Amino acid sequence: MESTYKQSGLTRRQHLWIAGSLWTLVGLGLFSMGLVFWFKFPYLGLLDGQHLGWGAAALSLGLIKGKLILDRTANRVINRVEMLQEPNPFKSIFQMFGVKTIALIVAMMTIGIGLRRAGVSFEVRGLIYIAVGAALLWSCRRYWIASTQVPTAEEA
């Protein structure tokens with residue numbers, strides 16, 4: 001009897017949408033919480049020059065981190081997506097990110113938890129969240145752009 005098993009994994013576009021969605025949602029969450037912590041939104045209590053300056057510095061550092069570190073990470077994930085052939089969607093998502101990216105995510109989460117547990121002020125955490133959120137939001141564009149590109153003949 002012939003086997004009619006068909007591999008049914010996620011498509012290239014689905015992988016990229018998952019990665020892009022994760023980075024966008026986490027980036028938006030961190031960035032918005034950073035604004036709340038640093039500027040005391042929604043009360044607009046701290047919109048003086050010093051807070052605006054430090055907020056702009058955190059935003060700039062985040063964009064630099066996004067360009068220099070997270071863009072390379074996103075490119076590595078996008079290249080890995082091109083080679084995925086895992087039929088199990090959950091396994092393929094882990095394979096898509098790879099050990100280095102998962103380690104980077106875990107490290108950033110651990111630092112966030114450590115800052116909270118160490119009692120670091122909301123203001124300092126706000127600046128860090130602004131920077132990390134901006135970095136993620138900057139680099140998530142890589143996934144969205146790659147998801148709109150036409151797949152090669154072997155991917156279709």
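How many residues does helix 2 have, and how far does helix 2 reach from its first C-alpha to its last? Select helix 2, residues 49–83, in this predicted model: helix 2 has 35 residues and reaches 49 Å from its first C-alpha to its last, which is close to the 51 Å expected at 1.5 Å a residue.

**Along helix 2**

Staying on this helix, select glycine 66, where a kink of about 40° is centred. Glycine 66 is also one of the buried residues of helix 2, a list that includes His51, Gly55, Ala58 and Gly62 as well as Leu70, Asp71, Val77 and Val81. If you now display the surroundings, you will find that helix 1, helix 3 and helix 4 are among the parts that cover these buried residues.

**The nonpolar cores**

Next, select Leu16, Trp23, Val77, Val81, Met96, Phe97 and Tyr143, which are the residues with the most contacts inside the largest nonpolar core, a group of 17 residues. Two or more residues of this core come from each of helix 1 (12–39), helix 2 (49–83), helix 3 (89–117) and helix 4 (122–148), and helix 4 gives the most, with six residues. To see one member in its setting, centre the view on phenylalanine 97, which, leaving aside its neighbours within four places in sequence, is in contact with Ala19, Leu22, Trp23, Val77, Arg80, Ile102 and Tyr143. A second, separate core has five residues, and Trp38, Ala58, Leu127 and Ile130 are among them.

**Histidine 15**

Is histidine 15 buried or exposed? Select this residue in helix 1: histidine 15 is buried, with a relative accessible area of 2%. Not counting residues up to four places away in sequence, histidine 15 touches Leu10, Val81, Leu84, Ser92, Ile93 and Met96. Adding glutamate 82 to the selection shows two residues that are 67 residues apart in sequence and 9.8 Å apart in space, C-alpha to C-alpha.

**Aromatic pairs**

A search of the whole structure finds four aromatic pairs. For one of them, select tryptophan 17 and tryptophan 144, whose rings are edge-to-face, at 5.1 Å centre to centre with 85° between the planes. This pair links distant parts of the chain, since tryptophan 17 lies in helix 1 and tryptophan 144 in helix 4, 127 residues apart. Both residues are partly exposed, tryptophan 17 with a relative accessible area of 46% and tryptophan 144 with one of 25%.

Then move to tryptophan 23 and tyrosine 143, which also form an edge-to-face pair, at 5.0 Å centre to centre with 80° between the planes. Tryptophan 23 lies in helix 1 and tyrosine 143 in helix 4, so the pair ties together parts that are 120 residues apart in sequence. Tryptophan 23 counts as buried at 6% relative accessibility, and tyrosine 143 is buried as well, with a relative accessible area of 0%. For a further stop, select Phe37, Phe122 and Tyr129, which ring pairs link into a cluster.

**Confidence**

Finally, colour the model by pLDDT, which averages 85 over the protein, with 87% of the residues scoring at least 70. Among the elements, helix 3 has the lowest mean pLDDT, at 88, and helix 4 the highest, at 94. End the tour at residues 1–6, where pLDDT stays under 50 and for which the model has one contact beyond four places in sequence. Where pLDDT is low, the predicted coordinates should not be read in detail.

Notes:
Residues are numbered from 1 along each chain as its sequence is written. This is a predicted model: local features need pLDDT of at least 70, side-chain atom pairs count only at pLDDT 80 or more; totals for chains, interfaces and linings use all residues. Side-chain values use heavy atoms; hydrogens and water are left out. A nonpolar core is a set of buried Ala, Val, Leu, Ile, Met, Phe, Trp, Tyr and Cys residues joined through side-chain atoms within 4.5 Å. Buried means under 20% relative accessible area, exposed over 50%, partly exposed in between (1.4 Å probe, protein chains only). Helices (H or I, at least four residues) and strands (E, at least two) are DSSP runs, numbered from the N terminus. Contact means heavy atoms within 4.5 Å. The expected span of a helix is 1.5 Å times one less than its number of residues. The bend at a residue is the angle between axes fitted to the seven residues ending there and the seven starting there. pLDDT is the predictor's confidence in each residue, from 0 to 100. Rings of Phe, Tyr and Trp (its six-membered ring) pair if their centres lie within 6.5 Å; planes under 30 degrees apart count as stacked, over 60 as edge-to-face and the rest as tilted.
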